[in-house]
Amino acid sequence: MERRNFFKLVGMTSGAALTGACGKPGQELIPLLVPEKQIVPGVEEWHPSVCRECSAGCGTIVRVMEAEREIEIEGERVRQPIAAIKKIEGNPLDPVSGGRLCARGQAGLQSLYHPDRLRGPQKRSGERGAGGFEAISWDEALQEATDVLTRALDAGPQGIVYLSRPGTGTRAATVRRFLNSIGAPPASTTGVADFTVERVAAEQVYGWSELPVYEIQDATFVLSIGADFLAGWASPVLYARRFGHMRQGRPGIRGRLVHAESRLSQTGWSADEWLPVKPGGEQAFALAVGHILLKEGWARDPTSLPPVVKEVYEALDADRAAELSGIPFKQIREVAHRLSEATAPVVVAGASIVRPNSLEAVVAASVLNLLLGNVNEKGGVRAPSEPLLPEWDESRPRYEDLLQRLDKAEVILLDGANPAYQVPASAERLAKCSAVISFSPFVDDSSAYADLILPDHAALESAAALVPTVTPKAALTGSRGFVQPLYDTRATGEVLGQLADKLGKSIEVETTQKVFGAVFEKRNLGSEFSSGKEFAAYCERQGGWWTEAVAPSGKSPVKSIAALAELESHDADYPLVFQAYPSLQFSEGSGANLPWLQELPDPTSSAMWGLPVEIDPKTAAALDVVNGQIVRVTSPEASLEAPAYVNPAAIPGVVSMAIGQGHAHYGRYASGRGANPLLLVAGVFDRQTGVPALGHVRVRIEKVGERRGLVQFSAVDREVHAERR
């Protein structure tokens, strides 16, 4: 469909009459005695929206049809016409999704109609952590929350801790205004899957405050170091589309991908060559590639590095670096040679599995793009665009030492964050805190500790605008709400505004209309639109505003870089290295309550309704373990039991497990299912940024018994190609 025709379609349907999930005011109710065959079925409509299942910010279109539900009015049960959402797809106009969507985005529909959604405000009725609640009215809930905050402010606003999911948008802007109004510290994240390492590295290497944009669609040779960009890293839909174009979108040109990571991930499976780097060996590998580029005279722009940085690469003990990386020097040299020969090479630097030296590794890998001279070049790495609303820069929640913040907390506000699951040591802090207030629409691991739950709308019920994590254009994606809430929930921004009023503070709650109006003013769009109101309506009809990217002003490149440092540790009691990694289905664990995702086969093991521990064949043979048998994995911090999967592509001595299962509380589909691998990695952090490290803890494994506990879509493993072994 052409853009013009699509826009007409979306424009007409977005302004149509079918706008109420609970029906329009005054709409007739249908008695149950009326036969269904006499009810005329509705026609479909498509509305623009934005996916909020992760922070990538994919633009979507949503299929809505007229439906009905049974309700009771004055003791009589009747049918009530409602607008029912049937399907979610990518918005073809959106520069991120481009009309595509991942499995998590498709499953977002189940968040709206989930049977375990909270129907209204809840007050704790039992011990903290038990998950017992009773319903109360919004007036009672707001008054109790106001009393809690008033006491906290009397004790000092620094004791108010607001934990949020990553992302910049209308919600984050409202949160910032609320916290500023009461003098509380800014919101922060748990540090899991928020790309803090990559952002800090981009600032240090390129002088950019946001994530780089990798132009792999125009590259001829891509070296990915630690970034599983086809699964859960940064923006998987955008990079999957770009990868497809790199492979098949250019007649006569097929780009080559080499992926260096410590497990055969989705990106590794799709690569021409997988380099099985030792856990923590990413820095050594990147330094070795840079050393060879300089030594052999293959670097295209060696003068881009200051002498102190260049010296680190040149003085490297290449043989030692190869040993620490686990990749033979000859193979590293071949990769460096291919980079030098490629007409458009690019190095994708990331930390899908954060380790204690991840920042050092991502910096070392990012500097390779300076040596290759591909910064802001076609097929290289581009700067993120200047923001459409610069004042939003400060509203994005950033990571701060989570446990330290919780130790000093008087009141904890939970907004989309689940610290009890993602950083298990925080659970005892939640239990000891004076008060916990959650805005979650579900009782999850952390909300179970809350004194009050003020449930947010489902994402599809509320208006929102947000800035995508990675975008090739200057973008602000969003739309208005097009269905009324199913239950007695309230948008968190609205609730924060009401709490501010009760506390004697007045804040402006950010809305899509105000945001797009602000863009109209700042971008001087008066020649194209008659007013900010008209422009806002235009943006809401097409699902956002996207314009050509404007690179930020140039800054000096990297000034220093860490020298090679050994990360390897040995412990006879714990002979294996364990790494937890974000799963394709659940990412950091937030999607585990959706049955569609539980039924989605794991790409590696094809496991369903559970995630196994991945063990290499040599270790499995020593333990006499086969697929499905239960094993106990023990680290110095904790232990867990889970079914084993003997992965023919696992690095010997390296044990891996996907994040997502093991929730104590998260609805009927996730509670008590499987084990949480984050229990084992507690207490390990990136040594520079302080974010939780998922991939450098020692463990031991023992077989529990002959019992099997692995449900697989296919019991036959894919063949591991010789070049990937």
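A cavity is taken here as a set of grid points where a 1.4 Å probe fits but cannot get out. By this criterion, the structure, which is a predicted model, holds eight cavities of 30 Å³ or more. The largest cavity contains about 260 Å³ of space. Its lining is made up of 25 residues, of which Ala193, Ala351, Ser352, Ile353 and Pro582 are the closest to the centre. Two elements, helix 5 (196–205) and strand 23 (576–582), give two or more residues to this lining. Helix 5 supplies the largest share, with three residues. When the lining of the largest cavity is sorted by class, 14 residues are nonpolar, six are polar and five are charged.

Aromatic contacts were examined next. A pair of aromatic rings is described by the distance of the centres and the angle of the planes. A search of the whole structure yields 12 aromatic pairs. One of the aromatic pairs is formed by phenylalanine 229 and tyrosine 239, with 6.1 Å from centre to centre and 65 degrees between the planes, an edge-to-face arrangement. Phenylalanine 229 is located in the loop between strand 11 (221–225) and helix 6 (236–248), whereas tyrosine 239 belongs to helix 6, so the pair ties together parts that are 10 residues apart in sequence. Phenylalanine 229 and tyrosine 239 are both buried.

A further pair involves phenylalanine 535 and tryptophan 545. The ring centres of these residues are 5.0 Å apart and the planes stand at 75 degrees; because planes over 60 degrees apart count as edge-to-face, the pair is assigned to that class. Phenylalanine 535 lies in helix 18 (residues 532–542) and tryptophan 545 in strand 22 (residues 544–547), with their positions 10 residues apart in the chain. The relative accessible area of phenylalanine 535 is 0%, and that of tryptophan 545 is 10%. Since buried means under 20% relative accessible area, phenylalanine 535 is classed as buried, as is tryptophan 545.

Aromatic residues also occur as a group. Phe229 and Tyr239 belong to one aromatic cluster together with Phe195, Tyr214, Trp233 and Phe243.

Contacts between charged groups and aromatic rings were also identified. The charged end of arginine 119 is placed over the ring of tyrosine 487, at 4.1 Å from the ring centre. In another such contact, arginine 263 lies over the face of tyrosine 581, 3.6 Å from the centre of the ring.

Notes: Residues are numbered from 1 along each chain as its sequence is written. This is a predicted model: local features need pLDDT of at least 70, side-chain atom pairs count only at pLDDT 80 or more; totals for chains, interfaces and linings use all residues. Side-chain values use heavy atoms; hydrogens and water are left out. Rings of Phe, Tyr and Trp (its six-membered ring) pair if their centres lie within 6.5 Å; planes under 30 degrees apart count as stacked, over 60 as edge-to-face and the rest as tilted. Helices (H or I, at least four residues) and strands (E, at least two) are DSSP runs, numbered from the N terminus. Buried means under 20% relative accessible area, exposed over 50%, partly exposed in between (1.4 Å probe, protein chains only). A charge sits over a ring if NZ of Lys or CZ of Arg is within 6 Å of the ring centre and within 35 degrees of the ring normal. On a 1 Å grid over the protein atoms alone, a cavity is a set of points where a 1.4 Å probe fits but cannot get out, and a pocket is an open set with protein on both sides within 12 Å along at least five of seven lines; lining residues have an atom within 4 Å of a point. Grid points are joined across faces, edges and corners, and a volume is the space filled by probe spheres set on the points. Ala, Val, Leu, Ile, Met, Phe, Trp, Tyr, Cys and Pro count as nonpolar, Asp, Glu, Lys and Arg as charged, and the others, Gly among them, as polar.
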